[in-house]
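Reader: I would like a close look at one part of this model, the sheet and what adjoins it. Please go through it step by step.

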Amino acid sequence: MSIGAGEPDRAQADASALDRDILDALTDLVKQAGAISHSIAAGFGVAPSDLLALFKLDGVLTMKELAQRMACDASFITVIADTLERQGLVRREPGQRDRRVKNLVLTPAGIAAKERLMHELATRMPWCYGLDDTERHCFLSLLRKMLSSPPGDDAASESESGLAGRDGPVRSG
């Protein structure tokens with residue numbers, strides 16, 4: 001047996017352990033961010049999806065544009081718009097070119113609520129208080145890089161990671 005014969009196996013095991021640790025930490029971060037978002041939403045008296053809409057609203061947006069920004073069905077935006085309108089945070093306006101199109105516009109109360117929301121996020125999200133400005137820029141850059149990278153071949157990835165079983169690939173949702 002030559003020296004270093006087990007090195008590829010060791011490197012693969014180290015990479016697997018690193019991937020598990022990253023996934024574990026990322027899962028914890030997402031759970032923590034979700035809990036903070038739910039807490040902030042409760043403080044505003046709205047659902048987390050309504051809070052996300054408030055966060056995403058910037059200037060005048062059509063309901064369809066907001067749905068795209070939130071990555072949800074446009075019909076769901078009607079429910080959100082109803083809630084935010086009842087709260088006095090947005091108003092609906094007909095579109096200039098097509099009056100069938102409804103724009104959502106933050107009211108002065110909505111603008112103030114969004115400012116409070118941004119303050120809450122800035123003081124409570126872990127990357128805001130746990131990272132300095134240089135680290136936050138690096139974190140954002142890494143997130144954007146991961147989100148813009150094309151995924152690998154799903155079948156090959158599942159097979160390599162052991163997710164494909166006897167009954168075929170594992171599917172979520």
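Author: What follows covers the sheet, then the loop after one of its strands, then a helix contact.

The model is predicted. Its open sheet has three strands in the order β1-β3-β2, and the pairing is antiparallel. The edges are taken by β1 (60-62) and β2 (90-94); each has a single partner strand, so one side of each is left without a neighbour in the sheet. From one strand to the next, the twist averages 35°. In general, strands of a sheet pair through backbone hydrogen bonds, either parallel or antiparallel. Between β2 and β3, which run antiparallel, there are five bridges. As for E93, its bridge partner in β3 is N103.

The strand β3 (102-106) is followed by a loop that leads to α5, and T107 lies in this loop. T107 has a relative accessible area of 12%, and because the cut-off for buried is under 20%, T107 counts as buried. Leaving aside residues up to four places away in sequence, T107 touches G88, L89, V90 and R91.

Beyond that loop, helix α5 (residues 108-124) meets helix α2 (residues 48-56): their axes come within 9 Å and cross at roughly 100°. Angles of 65 to 115 degrees count as roughly perpendicular, so α2 is roughly perpendicular to α5. On the α2 side the contact is made by L51, L54 and F55, and on the α5 side by G110, A113, K114, L117, M118 and L121. By type, the residues of this contact divide into seven nonpolar, one polar and one charged.

Conventions
Residues are numbered from 1 along each chain as its sequence is written. This is a predicted model: local features need pLDDT of at least 70, side-chain atom pairs count only at pLDDT 80 or more; totals for chains, interfaces and linings use all residues. Side-chain values use heavy atoms; hydrogens and water are left out. Axes are lines fitted to C-alpha atoms, for helices over the stretch in contact, and angles run from 0 to 180 degrees between N-to-C directions. Helices (H or I, at least four residues) and strands (E, at least two) are DSSP runs, numbered from the N terminus. Angles under 35 degrees count as roughly parallel, over 145 as roughly antiparallel, 65 to 115 as roughly perpendicular and the rest as oblique. Contact means heavy atoms within 4.5 Å. Ala, Val, Leu, Ile, Met, Phe, Trp, Tyr, Cys and Pro count as nonpolar, Asp, Glu, Lys and Arg as charged, and the others, Gly among them, as polar. Buried means under 20% relative accessible area, exposed over 50%, partly exposed in between (1.4 Å probe, protein chains only). Two strands pair if DSSP finds at least two bridges between them.
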